[in-house]
Amino acid sequence: MSHLTPFSTALRERSTTAHSGSESAGFMADLINGKGTRDDYVALVVQHWFIYEALEGAADRMRRDPVASVFITDKLTRMPALEADLEFLIGADWREQVAPLPTTQRYVDRINRVAATWAGGFVAHHYTRYLGDLSGGLFIGRLMKRRFGFDTNGIGFYVFADIADPKEFKEVYRDQLDAAPWDDGEKDRVIEEVLLAYRFNTELFEDLARAKAEAAA
Ligand code: HEM
């Protein structure tokens with residue numbers, strides 16, 4: 001890894017292809033281009049709930065870690081919004097209606113295993129979700145709002161009420177990535193974990209498409 005390239009830049013460059021793969025997954029593309037249904041959207045929110053339960057549970061455990069704790073802030077916390085969204089979208093008994101898809105379960109297992117023991121791995125998963133939520137996520141939220149006529153109920157997950165300037169927030173986050181005390185080997189391991197996180201996200205879209213096809217059959 002070149003010492004002239006900031007880590008955050010190397011990370012973005014080395015994950016560009018993986019990002020395109022996630023972004024263009026059929027299930028996601030259909031939601032974006034208007035072919036996805038409200039039920040498809042709800043199915044995605046459900047899987048997010050399982051993923052963020054693991055991610056934010058891991059954040060609670062990492063709050064005392066000197067490296068990981070720099071990235072952790074309540075401004076990012078998504079669980080209350082996800083639960084409010086699910087109550088609105090499914091109803092008061094939503095907890096009895098939800099289950100993780102196979103990829104979600106593998107993703108959650110990985111977050112639980114990695115985040116308990118390895119700050120760099122925790123940061124990799126934290127970065128892949130929250131920087132995405134603050135980028136394409138904001139655009140997706142606005143689209144879903146328009147398409148399904150949501151006000152704020154139903155898309156709370158995409159609304160970061162405590163982050164006034166997402167662009168600036170992401171710049172600070174990237175500065176923090178660049179300041180992390182990681183040697184080249186550790187930087188490589190963090191990037192590999194980000195690529196793995198992207199793979200889970202892409203495979204989750206494939207699971208969602210499969211579940212939809214099975215439900216229709
Ligand atoms: C249709 C779906 C998606 C769209 C339209 C989209 C769009 C974007 C855009 C425009 C950016 C650049 C923002 C910037 O330069 O500040 C971005 C960044 C990012 N996206 Fe996505 N994205 C999508 C899906 C995803 C998914 C599924 C993930 C993974 C969970 C993801 C993770 C990320 C990350 C981590 C970044 C930050 C890259 C960096 O600057 O380091 N995105 N996305």
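**A walk around the ligand**

Start by selecting Y127: it's buried, with a relative accessible area of 10% (buried means under 20%, using a 1.4 Å probe and protein chains only). Y127 lies in helix α7 (helices are DSSP runs of H or I, at least four residues, numbered from the N terminus).

A word on what's loaded: this is a predicted model, where local features need pLDDT of at least 70, side-chain atom pairs count only at pLDDT 80 or more, and totals for chains, interfaces and linings use all residues. Residues are numbered from 1 along each chain as its sequence is written, and side-chain values use heavy atoms, leaving out hydrogens and water.

Next, select the ligand and show what's within 4 Å, heavy atoms of the residues counting. You'll get 20 residues, with H19, Y127, G132, K170 and R174 coming nearest. α7 supplies the largest share of this shell, five residues.

Now check distances for polar contacts (N or O pairs within 3.5 Å):

- Y127: a polar side-chain atom is 2.4 Å from a ligand oxygen.
- R174: a polar side-chain atom is 2.6 Å from a ligand oxygen.
- H19: here the partner is a ligand nitrogen, 2.9 Å from a polar side-chain atom.

Finally, select R12, H19, Y127 and R174, which an unreviewed UniProt entry lists under "binding site"; such annotations may be inferred rather than shown by experiment. R12, H19, Y127 and R174 are all in the lining of the largest pocket (on a 1 Å grid over the protein atoms alone, an open set of points with protein on both sides within 12 Å along at least five of seven lines; lining residues have an atom within 4 Å of a point).

Key: Polar contact = N/O pair within 3.5 Å; in protein donor to acceptor, adjacent residues only side chain to side chain. Helix = DSSP H or I, 4+ residues; strand = E, 2+ residues; numbered from the N terminus. 1 Å grid on protein atoms, 1.4 Å probe; cavity = no way out; pocket = protein on both sides within 12 Å on 5 of 7 lines; lining within 4 Å. Buried < 20%, exposed > 50% of the residue type's maximum accessible area, 1.4 Å probe, protein only.
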